[in-house]
Amino acid sequence: MTTLTPRNKRMALLWAISFLNLSVLALGGEMKDPDSTSNKQNRIEIKDFAFNPQTITIKAGEKVTWINRDEEPHTIVSVEKQFKKSSALDTDQEFTITAGPPGTYTYYCSVHPKMTGTIVVEK
Ligand SMILES: [Cu+2]
């Protein structure tokens, strides 16, 4: 039978404390997300040469983030210049805008102009 030396006891205690801390952190993260509406994520995935969702409805002042899941570069360009255009997004690269006044913002990919999407901005 082995007995715990003081050093081993200390290690066990440290391990237990760090494990508890991690659990508390994980719990806190889970509980925070659902009710923070101001941090709502408006995400549009670019995959297989399409914007998903193709139409998104948001509120004025909210952010919209695109992420490119294709191997091809894509851009996001506002038809009516309602927001600054993106640079060419590489794979897994993101682009974020903050929506201005209410209205319908249509956009397209300048590399593949058939790729279009719409942001409906509500008050
Ligand atoms: Cu494209």
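These questions and answers walk through a predicted model of one protein chain.

Trainee: What elements does the protein chain have, and in what order do they run from the N terminus?
Mentor: The protein chain has one helix and eight strands. The helix comes at the start, and the strands follow it. Written out from the N terminus, the order is α-β-β-β-β-β-β-β-β.

Trainee: What is the strand order in the open sheet that holds β1 and β4?
Mentor: Four strands make up this open sheet, and their pairing is mixed. β2 (50–52) and β6 (94–98) each have a single partner strand, so they stand at the edges. From one strand to the next, the twist averages 20°. The order is β2-β1-β4-β6.

Trainee: Do β1 and β4 run parallel or antiparallel?
Mentor: Take strand β1 at residues 43–47 and strand β4 at residues 63–68. E45 has I67 as its bridge partner in β4. I46 has N68 as its bridge partner in β4. Four bridges join the two strands, and they run parallel.

Trainee: How many bridges join β4 to β6?
Mentor: These two strands run antiparallel. V64 has its bridge partner in β6, namely I97. The number of bridges joining β4 to β6 is five.

Trainee: Which side chains of β4 point to the buried face?
Mentor: In a regular strand, side chains alternate between the two faces of the sheet. β4 shows such alternation. K63, T65 and I67 point to one face and are not buried. The buried ones, on the other face, are V64, W66 and N68.

Trainee: Which residues does W66 touch, leaving out those up to four places away in sequence?
Mentor: W66 is buried. It is also among the residues with the most contacts inside the largest nonpolar core. Leaving out residues up to four places away in sequence, W66 touches I44, I46, I76, E94 and F95.

Trainee: Which strands each supply at least two residues of the largest nonpolar core?
Mentor: The core has 15 residues. Those with the most contacts inside it are V64, W66, I76, A99 and I119. The strands that each supply at least two of its residues are β1, β4, β6, β7 (103–108) and β8 (116–122).

Trainee: Is T98 buried or exposed?
Mentor: T98 lies in strand β6. Leaving out residues up to four places away in sequence, it touches G61 and K63. A residue with 12 or fewer C-beta neighbours within 10 Å is exposed. T98 has 10 inside 10 Å, so it counts as exposed.

Trainee: How far apart in space are T98 and A60, C-alpha to C-alpha?
Mentor: In sequence, T98 and A60 are 38 residues apart. In space, their C-alpha to C-alpha distance is 8.2 Å.

Trainee: Which strands stand at the edges of the sheet that runs β3-β8-β7-β5?
Mentor: This is an open sheet of four strands with mixed pairing. An edge strand here has a single partner, so one of its sides is left without a neighbour in the sheet. The strands at the edges are β3 (55–59) and β5 (77–78).

Trainee: What is the bridge partner of T57 in β8?
Mentor: β3 and β8 run parallel. Five bridges join them. The partner of T57 in β8 is V120.

Trainee: What percentage of the residues of the protein chain count as buried?
Mentor: A residue is buried if 20 or more other C-beta atoms lie within 10 Å of its own. The protein chain has 123 residues. Of these, the share that counts as buried is 16%.

Notes:
Residues numbered from 1 in each chain as written. Predicted model: local features only at pLDDT ≥ 70, side-chain atom pairs only at ≥ 80, totals over all residues. Pairing = 2+ DSSP bridges. Axes fitted to C-alpha atoms, helices over the stretch in contact; angles between N-to-C directions. Contact = placed C-beta atoms within 7 Å. Core = buried A, V, L, I, M, F, W, Y, C linked by C-beta atoms within 7 Å.
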